[in-house]
Amino acid sequence: MTVRWSGHAGASSYKVTATPKNSPEPSVFAQFSGNSVMGSVNSLSPNTLYTMQVEAMDQSLNVLSSANTVETTAPEVPSIDQAYSKQSDSITVVFREVSGATGYILRAESGDILTETMVTSSPGTVLNLNPYTEYTINVMAVNSGGRSQPSWPAVQITTVVVAPELNSTSPSNGTIRVTWAPVEHAVLYTLCIIRQGSDSRLKVNSTAPSFTFDSLEPGTMYSIKATAWDPQGRPGEDQTVSQITRPPTPDSIQVQLTQSQGRSVGMVVYWSMVRGAEDYIARSTTGQNCTSSVDSYCIIDPVVCGQNHTVTVTAENKAGPSDPSQPQDVSTFPCPPERIWVEERPPGDCWVLWSEVVSAEFYIAFVKRDDGAEQLCNTTSTSCSFSCSCGYTYLTTVFAYNQAGASPQGDVLNYTTIPCCPEDVVIALVSTETLEITWSPVRGAELYETTAAQSDDVIHCNDTAPVCALSDLRCGSVFSVIVTPCSELRGCNHTCPAHTRATAPCTPEIVNVTQTNSSSVTVVFTTPNDPNATYVASAVGRSDSHSCATSSSSCQLSPLPCGVSYDVSVVASSPAGHSLPSYSLALETAPCCPSSLTVDQVTQAMTNVTWSPALGARSYITALSSPRGHAKCHTLDTHCLLGCITCGTNYSVSLEAVSRTGHKAQCSYHGFSSSACCPSSVKLYRMANSSLRVLWRSSGPPALQNHTVDLYGTGANYTCSPAAGASSCDIQEVACGDVYTVVVAPLGPGGGPVHFCPQRMYSVSCAGSNVGMVIYRGKRSLD
């Protein structure tokens, strides 16, 4: 028993005593120096409970301190009865068990490698050893106190060789080949094969790392066990593998074509099932195949038209496939024609043609019109005829047939006949240079191309609607109008008839408008149309209009009233219609003359001329003319003051009415005679007997002019009428002491005095009761 303790200060030695706790055996002790902290006590009994006491003593062997504990000694040393190796990585040991042991340690030692395994009883096995290696084997008993000494003597034993690692295959349905990697230290191999479900077995020896078993049953499971032998003749580990042989070759092969809708779509392959097969594969020379694991048939689809198939069936399991069955030959349905086309010969008589199919025995052509009508043709040739109408689409397909069935549907030829021509074409002239063409929609037309041709000029209109307006056409021309229906598939039908239509005449152009007299104008214009065209010139005013028609290049508009504005235009006409009016020219007739005119003399040298408004006149030019001179006035008003008039003169009176554009009307009126001239040097003289004399000097013709003399005072007025041609006049009984205004005026044609002669003022004083001095006071303006 080994004891460990902590040192004590001052101790010179330590005494360790082992005393059996449950045994009458004597105590055993051992003594150690003061520098020790661990020591062992020998000669104890195995598997015994001891009280272990440690005492610290001084040099005089006096106990300084002590401590104790209770521990059990290890068990007895066991002994080995037998050791052997059946596995390459372990050795089994049979040993004698000892009392008090709770377990055992098996030790295997080889060189520097030590392997220990804990077991609870005998026998025990040391694991994790190397194959074909010599080991020294010991056993130690273990309890709570520790382990015993290794058993003695040790046993020398060598592990066996490893088992061969087998790889098995079945090269054919009657053989199994087994191969393995050579086992180190092996000198011989033993193989044993047993058929599953049988007691019979075959055992063979081999020094080579492979062997082939033959004459086996196909599709049968076998178990193969292999053992390697070492040079000492000991068998090593063994390994067992299971291997099934390949299945037998299937027989009773049959192939049938399946059909859908009158043609073959697949091949059903039948066979007899064989032992040991997990799957069956039917293969065709086309590369197609089908498989089955539970049924005795499978379907190869889809099949391809026009082919010859050679079909074989192979059974398979984990070992591999069987040999192929006897081949079966089968032919499929024909392919559809590669090329289909339609010819019209002539239009309305259509033929569908196709390329020949090698394996076909006869053909059926189907022709379906887009309204649902159908036609069918059964023939052994490569063409069929059918009736066709304009504007329809025909769907054409051809099937080839043989004993296997019908070909798949090939290309469907979409053949469309040309669109039909419109029959109710209506052409209307909607404007001078625009034709509107309408028609009813026709079958097969997706687009209408309308052309209007005139010599080298062609106008196009493309539209999907059955109406077209051709504009910007040449005026006064005849066009050939064609409505051409078109479709995307067949193009246009260029066989439709033409329709002729003329456009309206071209618009004439006014060259000039000339006023030939006061009530008529001549209109001259261009004539751009053919000689059959007529022209109408029109003058349109606010309240009236005038027109003239001609086939030449001019015509006269009359009678036209004065003072009116017109728009003059020319329109050409023909059986096709009317042209647009020409550009209008503004026409003003000469203004009207005023219906009345009055001349009033305002002063001796000035007159006031008034007149009534004139229609169309904007301004007026009034003139008074005489050999002695003339006066003129230009005004916007209906009156005018004319100066520089010579008294006692006969004038001619004229007036020009002028429009806003400068047109003039010459108007003449009755003459005007100016009043006689006012006398000059008018003087007042005193006479006898309270009378006054007025003297004057005549200023112009006539020589025998009649005058009147008026004297106006604050108290009285006096008048004197001298004889014709006189130059003085006496006024009697004039009151003196007053201021008088003296007026001498010639008499007008009506006998009345002229009122614009000047007045003179005189003061007349009294000399007693008679007139005194007469004093000139100056002129007085007219009131």
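**Aromatic contacts and a β-hairpin**

In the predicted model, Trp5, Tyr14 and Phe32 come together as one aromatic cluster. In total, 18 aromatic pairs are counted in the structure. Among them is the pair of Trp5 and Tyr14, whose ring centres lie 5.4 Å apart with an angle of 45 degrees between the planes, an arrangement classed as tilted. Trp5 has a relative accessibility of 11% and therefore counts as buried, the cut-off being under 20%; Tyr14, with a relative accessible area of 2%, is likewise buried. A further tilted pair is formed by Phe95 and Tyr104, with 4.9 Å from centre to centre and 50 degrees between the planes, and both Phe95 and Tyr104 are buried.

Aromatic rings are also found beneath the charged ends of arginine side chains. The charged end of Arg339 is placed over the ring of Trp341, at 4.0 Å from the centre of that ring, while Arg369 lies over the face of Tyr392, 4.1 Å from the ring centre.

Strands β64 (residues 707–712) and β65 (residues 717–720) run antiparallel and are joined by four bridges, and the two strands form a hairpin in which four residues lie between them. Within this pairing, Val709 stands opposite Cys720 of β65. The side chains of β65 alternate along the strand, such that Tyr718 and Cys720 are directed to one face and are buried, whereas Asn717 and Thr719 are directed to the other face and are not buried. Cys720 is thus both the residue opposite Val709 and one of the buried side chains of β65.

Methods:
Residues are numbered from 1 along each chain as its sequence is written. This is a predicted model: local features need pLDDT of at least 70, side-chain atom pairs count only at pLDDT 80 or more; totals for chains, interfaces and linings use all residues. Side-chain values use heavy atoms; hydrogens and water are left out. Rings of Phe, Tyr and Trp (its six-membered ring) pair if their centres lie within 6.5 Å; planes under 30 degrees apart count as stacked, over 60 as edge-to-face and the rest as tilted. Buried means under 20% relative accessible area, exposed over 50%, partly exposed in between (1.4 Å probe, protein chains only). A charge sits over a ring if NZ of Lys or CZ of Arg is within 6 Å of the ring centre and within 35 degrees of the ring normal. Two strands pair if DSSP finds at least two bridges between them.
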